[in-house]
Amino acid sequence: MAGPLEEYSEKRHFENTPEPGPERKETGMQRFVVQEHHARHLHWDLRLEMEGVLKSWAVPKGPPEQPGVRRLAIQVEDHPVDYIDFEGEIEEGQYGAGQVKIWDSGTYEIEERDPKKLTFVLHGERLDGGYVLVHTRENQWIFLKRKG
Ligand code: MN
């Protein structure tokens, strides 16, 4: 049963976590969310709705809010689209244990996409404007806010 949410599913026990199950869902929308995740190490999770899942990156220092600021973003497993509304407490002993809060959400548009670079515009409350994700190596990307 290989699928885009297989890794998401393998990491979790759905009887013990309030997180949504591993269903793909094509909504026709292009939404994003940033969740503040008080896990063992505080980080922010950027998720872009794409191809029936949420493409996801963990950003240890938080999303760049000023042009020119570069932040490391680690690509993590695809998450189900229903995760876009998820807030709550993942209990001790479960994967990603800790509190999850929505830090920002909205819609986005892709401007350019190739394997090394994703250029997009975010329409959120905190994140509003042009952004780029540049793939550097393995699961590592640089997340930056464009000037203008
Ligand atoms: Mn996380």
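A hairpin of three residues takes you from strand S7 to strand S8. S7 covers residues 117-124, S8 covers residues 128-137, and seven bridges join the two in an antiparallel run. Strands here are DSSP runs of E with at least two residues, helices are runs of H or I with at least four, and the numbering starts at the N terminus. Two strands count as paired if DSSP finds at least two bridges between them. One bridge to look for is His123, whose partner in S8 is Asp128.

Before going on, note that this is a predicted model: local features need pLDDT of at least 70, side-chain atom pairs count only at pLDDT 80 or more, and totals for chains, interfaces and linings use all residues. Residues are numbered from 1 along each chain as its sequence is written, and side-chain values use heavy atoms, with hydrogens and water left out.

**Following the strands**

S8 also pairs with S9, again antiparallel, through six bridges. Here His135 sits opposite Trp141 in S9. The hairpin of S8 and S9 has two residues between the strands, and Glu138 in that hairpin takes a positive phi near 45 degrees.

From S9 (residues 140-145) you can step across to S4, an antiparallel partner over five bridges. In that pairing, Ile74 has Gln140 of S9 as its bridge partner. S4 pairs with S3 (residues 53-59) too, in the antiparallel sense and over five bridges. Val53 faces Pro80 of S4 there.

Here are the pairings side by side:

| Strands | Bridges | Sense |
|---|---|---|
| S7 and S8 | seven bridges | antiparallel |
| S8 and S9 | six bridges | antiparallel |
| S4 and S9 | five bridges | antiparallel |
| S3 and S4 | five bridges | antiparallel |

**A stop at Leu72**

Leu72 lies in strand S4. Is Leu72 buried or exposed? Buried means under 20% relative accessible area, exposed over 50%, and partly exposed in between, using a 1.4 Å probe and protein chains only. Leu72 has 36%, so it is partly exposed. Skipping its neighbours within four places in sequence, Leu72 is in contact (heavy atoms within 4.5 Å) with Ala58, Val59, Pro60, Gln140 and Trp141. Thr136 is 64 residues away from Leu72 in sequence, yet their C-alpha atoms are 9.8 Å apart in space.

**The whole chain**

Zooming out, the protein chain has one helix and nine strands, and the helix comes before the strands as you read from the N terminus. Its C-alpha trace spans about 45 × 30 × 30 Å along the principal axes. Of the 148 residues, 45% are buried. Take the contacts between residues at least 6 apart in sequence: 49% of them join residues at least 24 apart.

**The largest pocket**

How much space lies in the largest pocket? It comes to about 460 Å³. A pocket is an open set of points on a 1 Å grid over the protein atoms alone, where a 1.4 Å probe fits, with protein on both sides within 12 Å along at least five of seven lines; lining residues have an atom within 4 Å of a point. There are 21 lining residues, and His37, Ala39, His43, Tyr95 and Gly96 are the closest to the centre. Strands S2 (42-50), S4 (70-80) and S5 (88-90) each supply at least two residues of the lining. By class, the lining holds seven nonpolar, six polar and eight charged residues. Asp, Glu, Lys and Arg count as charged; Ala, Val, Leu, Ile, Met, Phe, Trp, Tyr, Cys and Pro as nonpolar; and the others, Gly among them, as polar.

Terms used: Points joined across faces, edges and corners; volume = space filled by probe spheres on them.
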